[in-house]
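Hi everyone, thanks for making time. I'd like to walk you through a structure that's probably new to most of you, so have a look at it first.

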Amino acid sequence: MAEIHVVSGGTVLADWSASCVWQDGAVAWQDGRVLQVGNRAELDRAFPDAQRHHAHGGWIAPGLVNAHHHLYSSLAAGLDPGMPIHGFGQRLDRLWWRLDRAHDEESIRHSVRLAALRCVMSGCTTLVDHHASPARVEGVLDVVAEELDQAGLKGVLCYESSNRNGDDEALRGLKESVRFREANERNPHFRGLIGLHAAFTLRDETLVRAREWVEEGDIHIHVSEDALDETECRSRDGLSPVRRLEAHGLLGPRSFIAHAVHVDARDMELLARRGALLLHNPESNANNQVGRLDLRSARSLGVAVALGTDGMGPCMLGALRSAFLLHRAQLGEDDAGWRECGGLLDGARPHLARLFGEPRLGSLAENAPADLVVLDAQGLPDVSKDSLLGQLVFGATPLRVRHTVSRGRFLMENFRPCLQDAERIARESLGVRHALWSRFRAMEAGTPYLGPRQKGQQEDS
Ligand SMILES: [Zn+2]
(Lines give C-alpha, C1' and ligand atoms only; values in the text may rest on other atoms or scores of the structure.)
Protein backbone atom coordinates (compact mmCIF):
# COMPACT_ATOMS: atom_id res chain seq x y z
CA MET A 1 0.00 0.00 0.00
CA ALA A 2 1.19 3.50 -0.79
CA GLU A 3 2.14 5.69 2.11
CA ILE A 4 -0.44 7.96 3.73
CA HIS A 5 0.51 11.63 3.97
CA VAL A 6 -0.98 14.20 6.33
CA VAL A 7 -0.38 17.94 6.19
CA SER A 8 -1.44 19.89 9.28
CA GLY A 9 -0.53 22.87 11.39
CA GLY A 10 -2.54 25.43 9.44
CA THR A 11 -5.98 26.50 8.24
CA VAL A 12 -7.69 24.29 5.67
CA LEU A 13 -9.88 25.86 2.96
CA ALA A 14 -12.08 23.26 1.28
CA ASP A 15 -12.14 25.42 -1.86
CA TRP A 16 -11.13 28.88 -3.04
CA SER A 17 -14.53 30.25 -2.04
CA ALA A 18 -13.80 29.16 1.56
CA SER A 19 -17.19 27.46 1.68
CA CYS A 20 -15.81 25.30 4.50
CA VAL A 21 -12.85 26.20 6.74
CA TRP A 22 -11.02 24.30 9.50
CA GLN A 23 -8.91 26.77 11.52
CA ASP A 24 -6.67 24.04 13.00
CA GLY A 25 -7.13 21.59 10.18
CA ALA A 26 -5.44 18.76 8.37
CA VAL A 27 -5.65 16.90 5.06
CA ALA A 28 -4.76 13.22 4.59
CA TRP A 29 -4.15 11.59 1.21
CA GLN A 30 -2.93 8.34 -0.31
CA ASP A 31 -2.35 7.20 -3.89
CA GLY A 32 -3.18 10.64 -5.27
CA ARG A 33 -6.60 10.86 -3.61
CA VAL A 34 -7.74 12.75 -0.53
CA LEU A 35 -8.68 10.36 2.28
CA GLN A 36 -10.03 12.81 4.83
CA VAL A 37 -10.21 16.53 5.61
CA GLY A 38 -11.00 17.85 9.07
CA ASN A 39 -9.65 18.94 12.42
CA ARG A 40 -6.02 18.16 13.16
CA ALA A 41 -6.73 16.14 16.33
CA GLU A 42 -9.27 14.00 14.50
CA LEU A 43 -6.82 13.17 11.66
CA ASP A 44 -3.97 12.57 14.11
CA ARG A 45 -6.11 9.87 15.69
CA ALA A 46 -7.25 8.41 12.38
CA PHE A 47 -3.78 8.21 10.77
CA PRO A 48 -1.20 7.68 13.54
CA ASP A 49 1.41 6.18 11.21
CA ALA A 50 1.13 8.65 8.33
CA GLN A 51 4.03 10.66 7.00
CA ARG A 52 3.53 14.16 8.44
CA HIS A 53 4.13 17.53 6.82
CA HIS A 54 3.88 20.91 8.49
CA ALA A 55 1.97 23.92 7.16
CA HIS A 56 3.74 26.28 9.62
CA GLY A 57 0.58 28.26 10.29
CA GLY A 58 -0.24 28.70 6.61
CA TRP A 59 -3.33 28.00 4.53
CA ILE A 60 -3.86 24.54 3.08
CA ALA A 61 -6.01 24.96 -0.02
CA PRO A 62 -6.71 23.33 -3.41
CA GLY A 63 -3.98 23.69 -6.06
CA LEU A 64 -4.47 26.86 -8.10
CA VAL A 65 -5.76 26.82 -11.68
CA ASN A 66 -4.50 29.02 -14.52
CA ALA A 67 -7.49 28.94 -16.87
CA HIS A 68 -5.81 30.64 -19.86
CA HIS A 69 -2.08 30.38 -20.47
CA HIS A 70 0.38 30.34 -23.39
CA LEU A 71 3.26 28.18 -22.22
CA TYR A 72 5.16 28.84 -25.46
CA SER A 73 5.66 32.47 -24.40
CA SER A 74 7.88 31.92 -21.36
CA LEU A 75 11.16 32.57 -23.23
CA ALA A 76 9.83 35.86 -24.64
CA ALA A 77 10.27 38.08 -21.56
CA GLY A 78 12.55 40.94 -22.62
CA LEU A 79 12.31 40.18 -26.33
CA ASP A 80 12.53 43.36 -28.42
CA PRO A 81 10.47 43.05 -31.62
CA GLY A 82 12.92 45.44 -33.32
CA MET A 83 10.11 47.43 -34.92
CA PRO A 84 7.48 49.80 -33.57
CA ILE A 85 4.17 48.37 -32.40
CA HIS A 86 0.98 50.41 -32.65
CA GLY A 87 -2.19 48.69 -31.59
CA PHE A 88 -3.30 45.12 -31.04
CA GLY A 89 -3.06 43.94 -34.67
CA GLN A 90 0.60 44.92 -34.88
CA ARG A 91 1.30 43.37 -31.46
CA LEU A 92 0.10 40.04 -32.78
CA ASP A 93 1.81 40.39 -36.15
CA ARG A 94 5.16 41.82 -35.05
CA LEU A 95 5.61 39.95 -31.78
CA TRP A 96 3.48 36.87 -31.09
CA TRP A 97 2.97 35.56 -34.63
CA ARG A 98 6.70 35.90 -35.35
CA LEU A 99 7.52 34.15 -32.07
CA ASP A 100 5.19 31.22 -32.66
CA ARG A 101 6.62 30.70 -36.17
CA ALA A 102 10.19 30.78 -34.75
CA HIS A 103 9.53 27.90 -32.33
CA ASP A 104 10.97 24.45 -32.94
CA GLU A 105 10.55 21.36 -30.77
CA GLU A 106 13.55 22.15 -28.57
CA SER A 107 12.43 25.71 -27.83
CA ILE A 108 8.86 24.52 -27.17
CA ARG A 109 10.16 21.95 -24.67
CA HIS A 110 12.27 24.51 -22.82
CA SER A 111 9.49 27.13 -22.83
CA VAL A 112 7.05 24.67 -21.31
CA ARG A 113 9.66 23.33 -18.87
CA LEU A 114 10.49 26.82 -17.57
CA ALA A 115 6.84 27.87 -17.41
CA ALA A 116 5.93 24.63 -15.59
CA LEU A 117 8.63 25.24 -12.98
CA ARG A 118 7.26 28.73 -12.37
CA CYS A 119 3.73 27.36 -12.07
CA VAL A 120 4.86 24.83 -9.47
CA MET A 121 6.60 27.59 -7.52
CA SER A 122 3.41 29.67 -7.69
CA GLY A 123 1.18 26.86 -6.40
CA CYS A 124 -0.56 26.21 -9.71
CA THR A 125 -1.35 22.54 -10.36
CA THR A 126 -3.70 22.74 -13.39
CA LEU A 127 -3.10 24.72 -16.58
CA VAL A 128 -5.43 25.40 -19.49
CA ASP A 129 -3.04 26.13 -22.35
CA HIS A 130 -3.51 27.54 -25.85
CA HIS A 131 -0.61 26.51 -28.08
CA ALA A 132 0.70 27.73 -31.46
CA SER A 133 3.88 26.68 -33.29
CA PRO A 134 3.33 26.53 -37.09
CA ALA A 135 6.70 24.86 -37.73
CA ARG A 136 5.75 21.96 -35.46
CA VAL A 137 2.05 21.11 -35.50
CA GLU A 138 1.59 17.33 -35.71
CA GLY A 139 2.30 15.73 -32.32
CA VAL A 140 3.28 18.99 -30.62
CA LEU A 141 0.63 18.67 -27.90
CA ASP A 142 2.33 15.44 -26.83
CA VAL A 143 5.54 17.45 -26.39
CA VAL A 144 3.73 19.99 -24.19
CA ALA A 145 2.03 17.20 -22.22
CA GLU A 146 5.31 15.31 -21.69
CA GLU A 147 6.92 18.38 -20.15
CA LEU A 148 3.91 19.10 -17.92
CA ASP A 149 3.78 15.43 -16.93
CA GLN A 150 7.43 15.45 -15.90
CA ALA A 151 6.72 18.53 -13.79
CA GLY A 152 3.77 16.67 -12.17
CA LEU A 153 1.07 19.06 -13.45
CA LYS A 154 -2.37 18.60 -15.00
CA GLY A 155 -3.17 20.17 -18.35
CA VAL A 156 -6.04 20.98 -20.69
CA LEU A 157 -4.38 21.46 -24.06
CA CYS A 158 -5.28 22.54 -27.58
CA TYR A 159 -3.60 23.74 -30.78
CA GLU A 160 -4.89 27.13 -31.94
CA SER A 161 -6.23 26.63 -35.44
CA SER A 162 -6.07 29.78 -37.58
CA ASN A 163 -6.25 30.62 -41.27
CA ARG A 164 -3.62 33.35 -40.94
CA ASN A 165 -0.84 31.14 -42.34
CA GLY A 166 -3.11 29.43 -44.86
CA ASP A 167 -6.01 27.01 -44.97
CA ASP A 168 -3.81 23.90 -44.85
CA GLU A 169 -2.39 24.95 -41.53
CA ALA A 170 -5.84 25.71 -40.11
CA LEU A 171 -6.90 22.13 -40.86
CA ARG A 172 -3.67 20.65 -39.50
CA GLY A 173 -4.20 22.60 -36.26
CA LEU A 174 -7.73 21.26 -35.91
CA LYS A 175 -6.55 17.70 -36.52
CA GLU A 176 -3.83 18.04 -33.89
CA SER A 177 -6.38 19.18 -31.28
CA VAL A 178 -8.71 16.31 -32.22
CA ARG A 179 -5.88 13.75 -32.16
CA PHE A 180 -4.75 14.85 -28.70
CA ARG A 181 -8.28 14.96 -27.32
CA GLU A 182 -9.03 11.43 -28.53
CA ALA A 183 -5.69 10.04 -27.30
CA ASN A 184 -6.31 11.46 -23.82
CA GLU A 185 -10.00 10.69 -23.29
CA ARG A 186 -9.19 8.48 -20.32
CA ASN A 187 -5.98 10.16 -19.14
CA PRO A 188 -6.54 11.27 -15.53
CA HIS A 189 -4.10 14.17 -15.92
CA PHE A 190 -4.74 15.58 -19.42
CA ARG A 191 -7.70 16.58 -21.54
CA GLY A 192 -7.94 18.14 -24.98
CA LEU A 193 -10.11 20.94 -26.35
CA ILE A 194 -10.55 22.08 -29.95
CA GLY A 195 -8.30 25.15 -30.21
CA LEU A 196 -9.27 28.15 -32.32
CA HIS A 197 -7.26 31.37 -32.44
CA ALA A 198 -9.94 34.09 -32.78
CA ALA A 199 -12.89 34.61 -35.09
CA PHE A 200 -11.14 37.29 -37.15
CA THR A 201 -8.39 34.87 -38.30
CA LEU A 202 -10.77 32.00 -39.06
CA ARG A 203 -12.66 31.32 -42.27
CA ASP A 204 -16.15 29.85 -42.22
CA GLU A 205 -14.86 26.59 -43.73
CA THR A 206 -12.60 26.10 -40.69
CA LEU A 207 -15.52 26.69 -38.31
CA VAL A 208 -17.62 24.21 -40.32
CA ARG A 209 -14.83 21.61 -40.07
CA ALA A 210 -14.43 22.34 -36.34
CA ARG A 211 -18.17 21.70 -35.83
CA GLU A 212 -17.72 18.16 -37.15
CA TRP A 213 -15.45 17.44 -34.19
CA VAL A 214 -16.70 19.71 -31.41
CA GLU A 215 -18.63 18.02 -28.60
CA GLU A 216 -20.76 20.13 -26.25
CA GLY A 217 -18.93 23.25 -27.45
CA ASP A 218 -15.52 22.02 -26.28
CA ILE A 219 -13.52 24.84 -27.83
CA HIS A 220 -10.84 27.17 -26.42
CA ILE A 221 -10.78 30.51 -28.27
CA HIS A 222 -9.97 34.21 -27.89
CA VAL A 223 -13.17 36.23 -28.28
CA SER A 224 -13.35 40.02 -28.66
CA GLU A 225 -10.05 40.57 -26.90
CA ASP A 226 -9.63 43.80 -28.87
CA ALA A 227 -12.23 45.82 -30.79
CA LEU A 228 -10.45 44.50 -33.92
CA ASP A 229 -12.08 41.06 -33.55
CA GLU A 230 -15.55 42.67 -33.39
CA THR A 231 -15.05 45.11 -36.29
CA GLU A 232 -13.38 42.55 -38.58
CA CYS A 233 -16.08 39.93 -37.99
CA ARG A 234 -19.01 42.30 -38.19
CA SER A 235 -17.76 43.89 -41.44
CA ARG A 236 -16.69 40.60 -43.05
CA ASP A 237 -19.33 38.18 -41.77
CA GLY A 238 -22.10 40.47 -40.51
CA LEU A 239 -21.96 38.84 -37.10
CA SER A 240 -20.15 39.48 -33.85
CA PRO A 241 -17.57 36.81 -32.90
CA VAL A 242 -19.94 35.33 -30.28
CA ARG A 243 -22.87 35.21 -32.76
CA ARG A 244 -20.63 33.67 -35.40
CA LEU A 245 -19.57 30.88 -33.02
CA GLU A 246 -23.24 30.40 -32.11
CA ALA A 247 -24.26 30.28 -35.79
CA HIS A 248 -21.75 27.48 -36.33
CA GLY A 249 -23.01 25.55 -33.29
CA LEU A 250 -19.71 25.90 -31.46
CA LEU A 251 -20.87 27.29 -28.09
CA GLY A 252 -21.76 25.04 -25.17
CA PRO A 253 -21.05 24.15 -21.56
CA ARG A 254 -17.52 23.04 -22.42
CA SER A 255 -16.53 26.30 -24.18
CA PHE A 256 -13.49 28.15 -22.82
CA ILE A 257 -13.90 31.77 -23.96
CA ALA A 258 -10.91 34.04 -23.33
CA HIS A 259 -11.29 37.82 -22.78
CA ALA A 260 -14.77 38.89 -24.07
CA VAL A 261 -13.68 42.49 -23.48
CA HIS A 262 -15.79 43.94 -26.30
CA VAL A 263 -18.88 41.74 -26.28
CA ASP A 264 -22.21 43.52 -25.90
CA ALA A 265 -24.91 42.69 -23.34
CA ARG A 266 -26.80 40.48 -25.78
CA ASP A 267 -23.72 38.36 -26.47
CA MET A 268 -22.88 38.17 -22.77
CA GLU A 269 -26.39 36.82 -22.15
CA LEU A 270 -25.83 34.22 -24.84
CA LEU A 271 -22.58 33.08 -23.19
CA ALA A 272 -24.53 32.73 -19.92
CA ARG A 273 -27.30 30.72 -21.61
CA ARG A 274 -24.80 28.37 -23.24
CA GLY A 275 -23.01 27.82 -19.89
CA ALA A 276 -19.63 28.81 -21.38
CA LEU A 277 -16.68 29.58 -19.12
CA LEU A 278 -15.30 33.11 -19.54
CA LEU A 279 -11.54 33.44 -18.96
CA HIS A 280 -10.60 36.83 -17.51
CA ASN A 281 -6.99 37.98 -18.07
CA PRO A 282 -6.74 41.38 -16.36
CA GLU A 283 -2.95 41.83 -16.54
CA SER A 284 -2.75 40.92 -20.22
CA ASN A 285 -5.70 43.18 -21.08
CA ALA A 286 -4.02 46.07 -19.26
CA ASN A 287 -0.67 45.44 -20.95
CA ASN A 288 -2.23 45.21 -24.41
CA GLN A 289 -4.42 48.27 -23.69
CA VAL A 290 -7.39 46.52 -25.27
CA GLY A 291 -10.00 47.71 -22.74
CA ARG A 292 -11.57 45.91 -19.83
CA LEU A 293 -14.01 43.08 -19.33
CA ASP A 294 -17.34 44.20 -17.89
CA LEU A 295 -16.92 41.86 -14.96
CA ARG A 296 -19.97 43.21 -13.15
CA SER A 297 -22.29 42.49 -16.08
CA ALA A 298 -20.74 39.08 -16.70
CA ARG A 299 -21.24 38.00 -13.12
CA SER A 300 -24.66 39.56 -12.69
CA LEU A 301 -25.84 37.73 -15.83
CA GLY A 302 -24.59 34.48 -14.33
CA VAL A 303 -21.62 33.90 -16.65
CA ALA A 304 -19.03 31.62 -15.04
CA VAL A 305 -15.72 33.52 -14.88
CA ALA A 306 -12.25 32.10 -14.16
CA LEU A 307 -8.84 33.78 -14.06
CA GLY A 308 -5.96 33.33 -16.48
CA THR A 309 -2.64 35.03 -17.14
CA ASP A 310 -2.63 34.79 -20.97
CA GLY A 311 1.10 34.02 -20.96
CA MET A 312 1.95 36.99 -18.72
CA GLY A 313 3.36 34.77 -15.98
CA PRO A 314 2.51 32.05 -13.48
CA CYS A 315 1.10 33.93 -10.49
CA MET A 316 -2.63 33.47 -10.00
CA LEU A 317 -2.66 35.35 -6.70
CA GLY A 318 -1.06 38.31 -8.48
CA ALA A 319 -3.67 38.03 -11.25
CA LEU A 320 -6.44 38.12 -8.64
CA ARG A 321 -4.99 41.24 -7.05
CA SER A 322 -4.69 42.90 -10.47
CA ALA A 323 -8.29 41.97 -11.32
CA PHE A 324 -9.48 43.55 -8.08
CA LEU A 325 -7.41 46.74 -8.32
CA LEU A 326 -8.05 47.37 -12.03
CA HIS A 327 -11.76 46.81 -11.56
CA ARG A 328 -11.86 49.28 -8.65
CA ALA A 329 -9.77 51.85 -10.51
CA GLN A 330 -12.00 51.68 -13.57
CA LEU A 331 -15.35 51.73 -11.77
CA GLY A 332 -14.40 54.33 -9.19
CA GLU A 333 -17.07 53.14 -6.74
CA ASP A 334 -16.48 52.53 -3.05
CA ASP A 335 -17.75 48.96 -3.04
CA ALA A 336 -16.40 47.92 -6.47
CA GLY A 337 -14.60 44.62 -6.71
CA TRP A 338 -15.78 42.80 -3.61
CA ARG A 339 -18.71 41.00 -5.18
CA GLU A 340 -17.27 40.79 -8.70
CA CYS A 341 -13.88 39.28 -7.73
CA GLY A 342 -15.08 36.89 -5.04
CA GLY A 343 -14.60 33.27 -6.10
CA LEU A 344 -12.61 34.11 -9.24
CA LEU A 345 -9.89 31.61 -8.25
CA ASP A 346 -12.61 28.98 -8.06
CA GLY A 347 -14.34 29.87 -11.33
CA ALA A 348 -13.12 27.00 -13.51
CA ARG A 349 -13.87 24.29 -10.95
CA PRO A 350 -17.24 23.02 -12.29
CA HIS A 351 -16.06 23.08 -15.91
CA LEU A 352 -12.80 21.24 -15.15
CA ALA A 353 -14.64 18.76 -12.94
CA ARG A 354 -16.96 17.90 -15.85
CA LEU A 355 -14.12 17.77 -18.37
CA PHE A 356 -12.05 15.36 -16.24
CA GLY A 357 -15.09 13.42 -14.97
CA GLU A 358 -13.94 14.24 -11.42
CA PRO A 359 -16.83 15.88 -9.53
CA ARG A 360 -14.56 16.93 -6.65
CA LEU A 361 -11.64 18.25 -8.70
CA GLY A 362 -10.43 21.58 -7.31
CA SER A 363 -11.74 21.01 -3.80
CA LEU A 364 -10.33 19.41 -0.69
CA ALA A 365 -12.87 16.71 0.06
CA GLU A 366 -12.87 12.96 0.50
CA ASN A 367 -11.87 11.17 -2.73
CA ALA A 368 -10.91 14.41 -4.53
CA PRO A 369 -7.62 14.37 -6.48
CA ALA A 370 -4.86 15.29 -4.03
CA ASP A 371 -3.86 18.61 -5.61
CA LEU A 372 -3.12 21.19 -2.95
CA VAL A 373 -1.04 24.19 -2.05
CA VAL A 374 0.18 25.50 1.29
CA LEU A 375 0.48 29.28 1.38
CA ASP A 376 2.77 30.95 3.88
CA ALA A 377 0.02 32.99 5.54
CA GLN A 378 1.51 33.27 9.02
CA GLY A 379 0.26 36.17 11.10
CA LEU A 380 -2.98 36.68 9.19
CA PRO A 381 -6.22 36.61 11.19
CA ASP A 382 -8.60 33.65 10.98
CA VAL A 383 -9.90 33.33 7.44
CA SER A 384 -13.58 33.05 6.58
CA LYS A 385 -15.75 33.12 3.47
CA ASP A 386 -16.27 36.86 3.96
CA SER A 387 -12.65 37.80 4.67
CA LEU A 388 -10.91 35.57 2.11
CA LEU A 389 -10.71 38.05 -0.80
CA GLY A 390 -9.47 40.88 1.43
CA GLN A 391 -6.82 38.67 2.96
CA LEU A 392 -5.70 37.40 -0.46
CA VAL A 393 -5.47 40.91 -1.89
CA PHE A 394 -4.07 42.81 1.09
CA GLY A 395 -2.71 40.13 3.45
CA ALA A 396 0.80 39.65 2.15
CA THR A 397 0.53 39.76 -1.58
CA PRO A 398 1.47 37.60 -3.20
CA LEU A 399 1.46 35.05 -0.41
CA ARG A 400 4.50 32.81 -0.73
CA VAL A 401 3.94 29.19 -1.64
CA ARG A 402 5.52 26.77 0.84
CA HIS A 403 4.31 23.41 -0.52
CA THR A 404 2.78 22.39 -3.85
CA VAL A 405 1.27 18.90 -4.09
CA SER A 406 -0.20 17.48 -7.29
CA ARG A 407 -1.50 13.96 -7.88
CA GLY A 408 -0.49 13.30 -4.25
CA ARG A 409 3.20 14.02 -4.93
CA PHE A 410 5.18 16.92 -3.51
CA LEU A 411 6.25 19.15 -6.42
CA MET A 412 7.61 21.74 -3.99
CA GLU A 413 8.33 21.28 -0.30
CA ASN A 414 9.39 24.09 2.01
CA PHE A 415 9.97 26.44 -0.92
CA ARG A 416 12.21 24.01 -2.88
CA PRO A 417 11.05 22.26 -6.07
CA CYS A 418 11.25 18.48 -5.63
CA LEU A 419 10.96 17.04 -9.17
CA GLN A 420 12.75 19.75 -11.14
CA ASP A 421 16.29 21.11 -11.00
CA ALA A 422 15.48 24.82 -11.06
CA GLU A 423 19.05 25.99 -11.67
CA ARG A 424 19.55 23.57 -14.53
CA ILE A 425 16.28 24.53 -16.19
CA ALA A 426 17.18 28.22 -15.99
CA ARG A 427 20.74 27.60 -17.27
CA GLU A 428 19.67 25.41 -20.18
CA SER A 429 16.97 27.84 -21.23
CA LEU A 430 19.56 30.57 -21.88
CA GLY A 431 21.08 28.98 -25.00
CA VAL A 432 17.70 27.89 -26.31
CA ARG A 433 16.31 31.40 -25.79
CA HIS A 434 19.25 32.89 -27.72
CA ALA A 435 18.62 30.61 -30.69
CA LEU A 436 14.85 31.24 -30.55
CA TRP A 437 15.37 35.01 -30.51
CA SER A 438 17.76 34.76 -33.50
CA ARG A 439 15.14 32.86 -35.49
CA PHE A 440 12.52 35.40 -34.36
CA ARG A 441 14.58 38.31 -35.71
CA ALA A 442 14.85 36.56 -39.06
CA MET A 443 11.04 36.25 -39.30
CA GLU A 444 9.20 38.78 -41.47
CA ALA A 445 6.16 40.60 -40.15
CA GLY A 446 3.12 41.26 -42.32
CA THR A 447 0.99 38.16 -41.72
CA PRO A 448 -2.55 38.83 -43.01
CA TYR A 449 -5.52 37.91 -40.82
CA LEU A 450 -6.55 35.37 -43.43
CA GLY A 451 -3.71 33.69 -45.32
CA PRO A 452 -3.54 31.83 -48.63
CA ARG A 453 -6.40 29.65 -49.80
CA GLN A 454 -6.08 25.91 -50.09
CA LYS A 455 -5.68 24.81 -53.73
CA GLY A 456 -9.01 24.41 -55.48
CA GLN A 457 -10.96 26.74 -53.18
CA GLN A 458 -12.40 30.07 -54.24
CA GLU A 459 -11.02 33.39 -53.12
CA ASP A 460 -13.26 35.47 -50.84
CA SER A 461 -15.35 37.82 -52.89
ZN1 LIG B 1 -4.46 34.14 -25.02
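Let me start with a question: how do the residues of the lining of the largest cavity divide into nonpolar, polar and charged? Keep in mind that what you're looking at is a predicted model. The answer is five nonpolar, five polar and two charged.

So let's stay with that cavity for a moment. The model has four cavities of 30 Å³ or more, and the largest one holds about 80 Å³ of space. Its lining includes Pro62, Gly63, Val65, Thr125 and Thr126, and further along the chain you'll find Arg349, Leu352 and Leu361 among the lining residues too. Two elements give two or more residues to that lining, namely strand E7, residues 124–129, and helix H14.

Helix H14 is worth a second look. It covers residues 349–356, and His351, Leu352, Ala353, Leu355 and Phe356 in it are buried. So Leu352 turns up twice: as a buried residue of H14, and in the lining of the largest cavity. Right after H14 comes Gly357, with a positive phi of about 65°.

Now from cavities to pockets. The largest pocket has about 640 Å³ of space in it. It's lined by 38 residues, and the closest to its centre are Ser73, Trp96, Asp310, Gly311 and Met312. Which element gives the most to this lining? That's H2, with seven residues. Other elements that supply at least two residues each include helix H3 at 105–121, helix H7 at 227–237 and helix H10 at 282–288. Sorted by type, the pocket lining comes out as 16 nonpolar, 13 polar and nine charged.

H2 brings me to the salt bridges, and the count there is 39. One of them pairs Asp100 with Arg164, with the closest N and O atoms 2.9 Å apart. Asp100 sits in helix H2, residues 87–102, while Arg164 is in the loop between strand E8 and helix H5, so this pair ties together parts that are 64 residues apart in sequence. Are these two buried or exposed? Asp100 has a relative accessibility of 1%, so it counts as buried, and Arg164 at 3% is buried as well.

Helix H5 shows up again in the next pair. Arg203 and Asp167 meet in a salt bridge at 2.9 Å, N to O. Here Asp167 is in helix H5 and Arg203 is in the loop between strand E10 and helix H6, 36 residues apart. Both Arg203 and Asp167 are buried.

And there's one more from H5: Asp218 and Arg181 form a salt bridge at 2.8 Å. Arg181 is in helix H5 and Asp218 is in the loop between H6 and strand E11, which puts the partners 37 residues apart. Asp218 is buried, with a relative accessible area of 2%, and Arg181 is buried at 8%. Elsewhere, salt bridges that share partners join Glu105, Arg109, Arg113, Arg136, Glu146, Glu147, Arg424 and Glu428 into one network.

Last stop, the surface. Leu325, Trp338 and Phe394 make up a nonpolar patch there, with about 310 Å² of accessible area together. Trp338 belongs to helix H13, residues 338–341, and its relative accessible area is 39%, so Trp338 counts as partly exposed.

That's my tour, and I'm happy to go back to any part of it.

Definitions and conventions:
Residues numbered from 1 in each chain as written. Predicted model: local features only at pLDDT ≥ 70, side-chain atom pairs only at ≥ 80, totals over all residues. Heavy atoms only, no water. Salt bridge = Lys/Arg side-chain N within 4 Å of Asp/Glu carboxyl O. Helix = DSSP H or I, 4+ residues; strand = E, 2+ residues; numbered from the N terminus. Buried < 20%, exposed > 50% of the residue type's maximum accessible area, 1.4 Å probe, protein only. 1 Å grid on protein atoms, 1.4 Å probe; cavity = no way out; pocket = protein on both sides within 12 Å on 5 of 7 lines; lining within 4 Å. Points joined across faces, edges and corners; volume = space filled by probe spheres on them. Nonpolar A, V, L, I, M, F, W, Y, C, P; charged D, E, K, R; others polar. Patch = residues over 30% accessible without salt bridge, like charges linked within 9 Å, V, L, I, M, F, W, Y side chains within 5 Å. Areas by Shrake-Rupley, 256 points an atom, 1.4 Å probe, with all protein chains shown as cover.
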